[in-house]
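Visitor: Hi! I have a structure open and would like to talk it through with someone. Could you walk me around it?

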Amino acid sequence: MIIDVKVPMLSESVSEGTLLEWKKKVGEAVARDEILIDIETDKVVLEVPSPQAGVLVEIIAQNGETVAAEQVLARIDTAATASTSAEAPAAAPAPEAAPAAAQTNAAMPAAAKLAAETGVDVNALQGSGRDGRVLKEDVQNAAAKPAAAPAAAPAPVPAGARPEQRVPMSRLRARVAERLLASQQENAILTTFNEVNMKPIMDLRAKYKEKFEKEHGTKLGFMSFFVKAAVAALKKYPVVNASVDGNDIVYHGYFDIGIAIGSPRGLVVPILRDADQMSIADIEQAIVDYAKKAKDGKIALEDLTGGTFSITNGGTFGSMMSTPIINPPQSAILGMHATKERAVVENGQVVVRPMMYLALSYDHRIIDGREAVLTLVAIKDALEDPARLLLDL
């Protein structure tokens with residue numbers, strides 16, 4: 001029986017994807033649920049499993065092609081076997097193992113193309129993709145680094161040369177650019193700033209982090225406190241948790257908080273659903289899980305779908321202050337920054353405190369300055385006095 005291998009159903013916000021690399025060749029046997037190929041979308045990399053066991057008898061869409069949901073990619077004969085469908089005699093002598101220098105690393109099509117253009121040897125790279133595949137970013141990094149001195153030094157770049165390198169945007173990067181530009185054009189973005197004394201949270205964390213990890217099996221970070229503080233503020237000022245739909249304002253009766261996480265493919269914003277019902281430990285564990293999935297390229301579409309408010313932490317990279325861009329269709333985003341010791345005045349005395357600048361970007365079409373400022377003040381107050389979160393103040 002011949003069955004089709006199709007592109008999985010995509011989310012409403014994803015219309016197409018790019019085939020990366022077939023893991024099987026025509027004539028090879030495949031097992032049920034064995035991954036046949038990956039599809040890169042503008043949000044995630046999807047794995048396409050074999051629907052049945054059999055033999056891959058036809059590949060219709062090739063590596064690098066753009067495909068849409070439900071499109072037929074290949075065909076499998078469930079009644080055939082590899083020995084009858086492919087010329088692969090079992091008695092053929094096994095070839096001698098190729099020397100290490102001749103072995104080839106699996107490289108994504110974009111990576112292979114860029115390597116050919118830049119002269120980078122993909123066999124010398126340690127791929128950061130799934131199963132050690134060489135990604136375009138690996139080639140870019142290798143091209144940017146000075147090569148290790150070989151036996152014969154490469155020809156020097158002529159004096160006055162102005163080298164350039166042109167590479168196509170990845171689908172994710174192109175989509176990020178599109179969404180951010182649309183956000184700037186469609187929203188009336190304004191940003192309000194404040195600063196928060198991080199000492200109370202830092203003292204609380206230092207006091208309980210060891211017991212917390214023993215009890216819950218996960219480390220106690222800072223992001224969970226910001227999530228809890230943001231939820232408390234959003235409950236007080238619901239319009240900041242709302243979104244615009246045409247001429248309507250949609251007030252969300254739930255709190256799905258997006259957490260910006262860096263990945264090898266770019267920035268992703270997985271969602272903590274019903275964050276108001278999550279404990280500190282639940283939030284910390286969820287963030288750890290999302291970070292691992294992002295690193296391994298296993299973030300799913302449903303992980304990124306929805307969200308009513310987002311938090312981004314530029315402080316992990318040393319940012320002192322920034323104006324974060326709203327993630328549509330949300331109406332606000334909180335930006336965290338680096339914590340630095342600064343001189344501040346308390347009760348008429350100059351003291352040194354670990355301070356962080358906070359930024360709240362909001363859509364001025366539906367959120368007035370008053371609500372935005374008060375929301376950020378509420379977040380600040382909750383962080384500087386964590387007891388407020390327990391007492392719902």
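Guide: Happy to; we can go through strands, a helix, salt bridges, some backbone details and a surface patch.

Visitor: Before we start, what kind of model is this?

Guide: This is a predicted model.

Visitor: Let's begin with E17. Is this strand mostly buried or exposed?

Guide: Buried: five of the five residues of E17 fall under the 20% cut-off, so the strand is largely enclosed by the rest of the structure.

Visitor: Which residues point which way?

Guide: Ala332, Leu334 and Met336 point one way from E17, while Ile333 and Gly335 point the other way, and all are buried. That fits a general pattern: in a regular strand the side chains alternate between the two faces of the sheet.

Visitor: And which strands does E17 pair with?

Guide: E16 and E17 run parallel and are joined by four bridges. E17 and E19 run antiparallel, also with four bridges between them.

Visitor: Can you give me a residue pair for each?

Guide: Sure. On the E16 side, Ser310 stands opposite Ile333 of E17. On the other, Gly335 has Ala359 in E19 as its bridge partner.

Visitor: Nice. Changing topic: how many residues does helix H5 have?

Guide: H5 covers residues 199–216, which is 18 residues. From first C-alpha to last it reaches 24 Å, close to the 26 Å expected at 1.5 Å a residue.

Visitor: Where does H5 bend?

Guide: At Tyr208, by about 55°. Just after the helix comes Gly217, with a positive phi of about 75°.

Visitor: Which salt bridge lies in H5?

Guide: Asp203 pairs with Lys199, and their closest N and O atoms are 2.8 Å apart. Both residues sit in H5, four residues apart, about one turn of the helix.

Visitor: Why does that spacing suit a pair?

Guide: An α-helix has 3.6 residues a turn, so residues three or four places apart point the same way. Side chains of opposite charge can then pair when their charged atoms come close.

Visitor: Are Asp203 and Lys199 buried or exposed?

Guide: In between. Asp203 is partly exposed at 40% relative accessible area, and Lys199 is partly exposed at 33%.

Visitor: What about the salt bridge in H9?

Guide: There, the side chains of Lys380 and Glu384 meet at 3.0 Å, N to O. These two are also four residues apart, about one turn of H9, which spans residues 369–384. Lys380 is buried, because its relative accessible area of 17% is under the 20% cut-off. Glu384 counts as partly exposed at 26%.

Visitor: How many salt bridges are there?

Guide: The count comes to 14. Among them is Arg388 with Asp385, where the closest N and O atoms are 4.0 Å apart. Arg388 is partly exposed at 30%, and Asp385 is partly exposed at 37%.

Visitor: Which residues are linked in a network?

Guide: Asp4, Glu58 and Arg75 are linked in a network of salt bridges.

Visitor: On to the backbone. What should I look at there?

Guide: As background, most residues other than glycine have a negative phi, and most peptide bonds are trans. Asp33 has a positive phi of about 70° although it is not a glycine, and Asn347 has one of about 55°, again without being a glycine.

Visitor: Where do Asp33 and Asn347 sit?

Guide: Asp33 is in the loop between E3 and E4, and counts as exposed at 52% relative accessibility. Asn347 is in the loop between E18 and E19, and counts as exposed at 81%.

Visitor: Which peptide bond is cis?

Guide: The one from Pro328 to Pro329, with omega near 0°. Pro329 is found in the loop between E16 and E17.

Visitor: Last one: which residues form the nonpolar surface patch?

Guide: Phe193, Met320 and Met321, with about 260 Å² of accessible area together. Met320 takes us back to the loop between E16 and E17, where this residue is partly exposed, with a relative accessible area of 33%.

Visitor: Great, thanks for the tour!

How values were computed. Residues are numbered from 1 along each chain as its sequence is written. This is a predicted model: local features need pLDDT of at least 70, side-chain atom pairs count only at pLDDT 80 or more; totals for chains, interfaces and linings use all residues. Side-chain values use heavy atoms; hydrogens and water are left out. Patches are made of residues with over 30% relative accessible area and no salt bridge: like charges are joined within 9 Å, nonpolar side chains (Val, Leu, Ile, Met, Phe, Trp, Tyr) within 5 Å. Accessible areas come from the Shrake-Rupley method with a 1.4 Å probe; for residues, only the protein chains shown count as cover. Buried means under 20% relative accessible area, exposed over 50%, partly exposed in between (1.4 Å probe, protein chains only). The expected span of a helix is 1.5 Å times one less than its number of residues. The bend at a residue is the angle between axes fitted to the seven residues ending there and the seven starting there. Two strands pair if DSSP finds at least two bridges between them.
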